[in-house]
Amino acid sequence: MSAIAVLGAGSWGTTLADLLARKAESVRLWAYEPEVVEAINRTHENPFFLPGFALAPSLMACADACEAVTGAETIVSVSPSHAVRAVVRQVANAVAPGTLVVSATKGIESETLALMSAIFAECLPLARFAALSGPSFALEVCQGQPTAVVAAALDLETSRNAQRIFATSTFRVYSGRDVVGVELAGALKNVIAIAAGILEGLGLGHNPRAALITRGLAEITRLGLAMGADPLTFAGLAGMGDLVLTTTGSLSRNRALGIALAGGQTLEEYRASHRSVAEGADTSRAGVALGRRMGVELPIVEKVSEVLFSGKSPREAVTELMGRELKSEQWR
């Protein structure tokens, strides 16, 4: 039985830890919040981030991240993007060379504009890295609903190792090698989901939503190609698949944030009343900066950032997007 550590006990981290524990793996789940550790070990439930779902009895929660990773052959990183670097630095001395690290975080580091793969390459250069992403609401995975995702690594064998570790009869994992494309798509789709929620909150219909999803995918693809990603990635599970799910599904935290913004709430007000992180908010600013660095135009991402951080009204943002200079649909 292999030892696995999961870092981050939000809804997705808890779900993946439970999935792995039910495969008869030895799983230690690190939680930042002491009350989460206590609840999981005492009641086998995470009432703060995954209420009402009974976790595998063998799953053990830890308050010490180093304790969780010591001796682990695989580490699953599911901390919010803004915390990943600090967590990795905390555990770096306890991670053995050659350990498989699977990142399930969908975000961009705000200060450096680094993807999670770059953070791990810097902080754990001797680890083997894979990115896990795709259309996967935590609650539906817990319910055993059929789900398909992709595990991408530069080395195909590493990708296949991650694939084998996570695959179950209801959680199908495809292998891939486009780490940048998978990570970038997983991060930026959250920004487009906020925009989708804004449309929903404004009472707009199917036409604008279809246009948003299509043009949002075009923006993600443009930036991905500029960063060396494979264009086919954006038509796959981590691209179109996750984008459709997050922009249309009622379980999407980022879509819910957009609805709240359209209803007049500020980002600060929304965050004050929600414990879970909507990654798309900070990713919108990072996406704008990354687009400018790469010389790529991202009008939807820019307008979402302006609504979140510059006080622009959601309806004005929609009007400005529709009033942009007329262009060809194809950018190449």
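## Packing of helices H8 and H10

A crossing of two helices is called right-handed if the near helix is turned clockwise from the far one by less than a right angle, and left-handed if the turn is anticlockwise. In this predicted model, H8 passes H10 in a crossing of the right-handed kind. Helix H8 spans residues 179–201 and helix H10 spans residues 237–248; their axes lie 9 Å apart and make an angle of about 25 degrees. Angles under 35 degrees count as roughly parallel, and H8 and H10 are therefore roughly parallel to each other.

On the side of H8, the contact is formed by Val182, Ala185, Gly186, Lys189, Asn190, Ile192, Ala193 and Ala196. These residues meet Ala238, Gly239, Asp242, Leu243, Thr246 and Thr247 of H10. Sorted by class, the contact of H8 with H10 comprises 7 nonpolar, 5 polar and 2 charged residues.

## Packing of helices H14 and H15

A second helix pair consists of H14 (residues 299–309) and H15 (residues 314–322), whose axes come within 9 Å and cross at roughly 160 degrees. Because angles over 145 degrees count as roughly antiparallel, H14 is roughly antiparallel to H15. The crossing of this pair, H14 with H15, is right-handed.

H14 contributes Pro299, Ile300, Lys303, Glu306 and Val307 to the contact, and H15 contributes Pro314, Ala317, Glu320 and Leu321. The contact of H14 with H15 has 6 nonpolar and 3 charged residues, with no polar residue.

Serine 305 also belongs to helix H14. Its relative accessible area is 10%, so serine 305 is classed as buried. Leaving aside residues up to four places away in sequence, serine 305 touches Ser284, Arg285, Val288 and Ser310.

## Burial of helix H1 and of threonine 283

How many of the residues of helix H1 are buried? The count is 11 of the 11 residues, from 11 to 21, so helix H1 is largely enclosed by the rest of the structure. The buried residues of H1 include Trp12, Leu16, Leu19 and Leu20, and also Ser11, Thr14, Thr15 and Asp18. Gly13, Ala17 and Ala21 of H1 are likewise buried.

Threonine 283 is placed in helix H13, which covers residues 280–294. With a relative accessible area of 0%, threonine 283 is buried. Not counting residues up to four places away in sequence, the contacts of threonine 283 are with Gly107, Ile108, Ala187, Leu188 and Val191.

## An exposed position in helix H4

Alanine 86 lies in helix H4, residues 84–91. The relative accessible area of alanine 86 is 52%; this residue therefore counts as exposed, since the threshold for that class is over 50%. The C-alpha atom of alanine 86 is separated by 13 Å from that of cysteine 66, and the two residues are 20 apart along the chain.

## Cysteines

The structure holds 0 disulfides. Cysteine 62 is in no disulfide, and the nearest cysteine sulfur to its own is that of cysteine 66, 11 Å away. A disulfide requires a pair of cysteine sulfur atoms within 2.5 Å. Cysteine 62 counts as buried at 3% relative accessibility.

Why is the sulfur of cysteine 142 too far for a bond with the closest cysteine sulfur? The closest cysteine sulfur is in cysteine 62, and the separation is 19 Å, whereas a disulfide needs the sulfur atoms within 2.5 Å. Cysteine 142 has a relative accessible area of 13% and is therefore buried, the limit for this class being under 20%.

## Positive phi angles outside glycine

Histidine 44 is not a glycine, yet has a positive phi of about 55 degrees. This histidine 44 is located in the loop between helix H2 (34–43) and strand S3 (60–62). Is histidine 44 buried, partly exposed or exposed? Its relative accessible area is 28%, so histidine 44 is partly exposed.

Leucine 113, another residue other than glycine, has a positive phi near 65 degrees. Leucine 113 is found in the loop that runs between strand S5 (100–103) and helix H5 (116–123). Leucine 113 has a relative accessible area of 11% and is therefore buried.

Conventions:
Residues numbered from 1 in each chain as written. Predicted model: local features only at pLDDT ≥ 70, side-chain atom pairs only at ≥ 80, totals over all residues. Heavy atoms only, no water. Helix = DSSP H or I, 4+ residues; strand = E, 2+ residues; numbered from the N terminus. Buried < 20%, exposed > 50% of the residue type's maximum accessible area, 1.4 Å probe, protein only. Axes fitted to C-alpha atoms, helices over the stretch in contact; angles between N-to-C directions. Parallel < 35°, antiparallel > 145°, perpendicular 65-115°, else oblique. Contact = heavy atoms within 4.5 Å. Nonpolar A, V, L, I, M, F, W, Y, C, P; charged D, E, K, R; others polar.
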